[in-house]
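Visitor: I am new to this structure and would like a close look at one part of it. Please start from a single pair of residues and work outwards from there.

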Amino acid sequence: MPPRSANASRKTKETDISVSVQVDGSGKSDISTGVGFFDHMLDQLSRHSLIDMTVKAKGDLHIDDHHTVEDTGIALGQALAKALGERRGIMRYASIDLAMDETLTRAAIDVSGRPFLVWNVVFSSPKIGTFDTELVREFFQALAQNAGITLHVTNHYGANNHHIAETCFKAVARALRFALESDPRQPDAVPSTKGSLKG
């Protein structure tokens with residue numbers, strides 16, 4: 001499998017974002033979005049997917065974190081889509097139940113080229129510190145849409161909102177890791193009867 005890496009950038013009146021990814025990395029990250037909790041979550045996404053990520057974002061944080069979080073998801077999804085190319089030789093599917101203390105969350109992924117998000121996660125508070133919990137869904141919606149993946153995330157149970165959010169990022173990361181691995185039995189094939197994973 002050839003090296004899978006790509007860059008993406010997004011510049012609007014609301015944000016200025018640059019992203020680079022190396023799919024076959026070791027989980028190294030260099031993250032700076034100006035949103036501390038979000039940086040922590042992106043670091044988890046990189047570390048547990050083993051996708052090396054550099055994310056630099058400047059946004060209108062004087063308004064709120066929404067544009068920065070969503071646009072980072074867009075740029076990161078675009079970079080992943082570029083890095084994966086034809087998606088040849090990948091395992092394509094993966095799912096995992098991920099536990100963290102009292103919390104259990106499932107992520108299931110189809111790297112299909114067809115973007116879709118099913119989100120069954122409820123937070124008991126609108127905030128984790130100063131971070132809006134609704135932005136966790138917004139990030140994954142943007143990521144799935146722009147990476148061209150079908151993503152289902154379900155929180156089975158949990159009491160601590162930080163743990164719930166963190167298990168979402170870690171579960172998606174681990175599912176991505178498994179789905180993007182090379183399939184040793186068909187390393188050159190597109191894993192689809194259609195012969196294409198372009199949607």
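Which residue in S4 does Ser29 stand opposite?

Guide: Ser29 stands opposite Met53 in S4. Please keep in mind that this is a predicted model, and that the places named below are places in that model.

The pair belongs to two strands, S3, which covers residues 29-32, and S4, which covers residues 52-59. These strands run parallel and are joined by four bridges. Between them in the chain comes helix H1, residues 36-49, and the three elements S3, H1 and S4 together make a left-handed β-α-β unit.

Now take the sheet around this pair. It is an open sheet of four strands, in the order S1-S2-S4-S3, with mixed pairing. S1 (5-11) and S3 are its edge strands, and each of these pairs on one side only. Direction ignored, neighbouring strands of the sheet are turned against each other by 5° on average. Besides its parallel pairing with S3, S4 has an antiparallel one: eight bridges join S4 to strand S2, residues 15-22. Ile17 is a place to look for that pairing, since its bridge partner in S4 is Ala57. In general, the strands of a sheet pair through backbone hydrogen bonds, and they may do so in the parallel or the antiparallel sense.

Helix H2, residues 66-84, lies across three strands of this sheet, namely S1, S2 and S4, and runs at about 35° to S2.

From here two helices lead onwards. The first is H1, the helix of the β-α-β unit. H1 packs with helix H4 at an angle of about 30°, and their axes are 7 Å apart. That angle is under 35 degrees, so H1 and H4 are roughly parallel to each other. H1 passes H4 in a right-handed crossing. On the H1 side, the residues that meet H4 are Phe37, His40, Met41, Gln44, Leu45, His48 and Ser49, and in H4 they meet His162, Ala165, Glu166, Phe169, Lys170, Val172, Ala173, Arg174 and Arg177. By class, this contact divides into seven nonpolar, five polar and four charged residues.

The second is H2, which packs with helix H3 at an angle of about 25°, the axes being 7 Å apart. H2 and H3 are therefore roughly parallel to each other, and the crossing is again one that is right-handed. H2 brings His66, Val69, Glu70, Thr72, Gly73, Ile74, Leu76, Gly77, Gln78, Leu80 and Ala81 to the contact, while H3 brings Leu135, Glu138, Phe139, Ala142, Leu143, Asn146 and Ala147. These residues divide into 10 nonpolar, six polar and two charged.

The two helices reached in this way also pack with each other. H3 (residues 134-147) and H4 (residues 161-179) have axes 10 Å apart and an angle of about 15° between them. H3 and H4 are therefore roughly parallel to each other, with a right-handed crossing. Val136, Phe139 and Phe140 in H3 meet Ala165, Cys168, Phe169 and Val172 in H4. This contact has seven nonpolar residues, and no polar or charged ones. Phe139 of H3 belongs to the contact with H2 and also to the one with H4. In H4, Phe169 meets residues of H1 as well as residues of H3.

Beyond these helices there is another sheet. Here too four strands form an open sheet with mixed pairing, in the order S5-S6-S10-S7. Strands S5 (93-100) and S7 (116-120) stand at the edges with a single partner strand each, so one side of each is left without a neighbour in the sheet. Neighbouring strands here are turned by 10° against each other on average, direction ignored. S7 and S10 pair in the parallel sense over five bridges, and Leu117 has Leu151 as its bridge partner in S10. S6 (residues 103-110) and S10 (residues 150-157) run antiparallel and are joined by seven bridges. Arg106 stands opposite Thr154 in S10, and Leu151 in S10 is the bridge partner of Ile109. H3 packs on this sheet, touching S7 and S10, and its direction makes about 160° with that of S7. H4 packs on the sheet as well, touching S5, S6, S7 and S10, with its direction at about 150° to that of S5.

Definitions and conventions: Residues numbered from 1 in each chain as written. Predicted model: local features only at pLDDT ≥ 70, side-chain atom pairs only at ≥ 80, totals over all residues. Heavy atoms only, no water. Axes fitted to C-alpha atoms, helices over the stretch in contact; angles between N-to-C directions. Parallel < 35°, antiparallel > 145°, perpendicular 65-115°, else oblique. Left-handed = near helix turned anticlockwise from the far one by under 90°. Contact = heavy atoms within 4.5 Å. Nonpolar A, V, L, I, M, F, W, Y, C, P; charged D, E, K, R; others polar. Pairing = 2+ DSSP bridges. Right-handed = clockwise from strand over helix to strand, strands pointing away.
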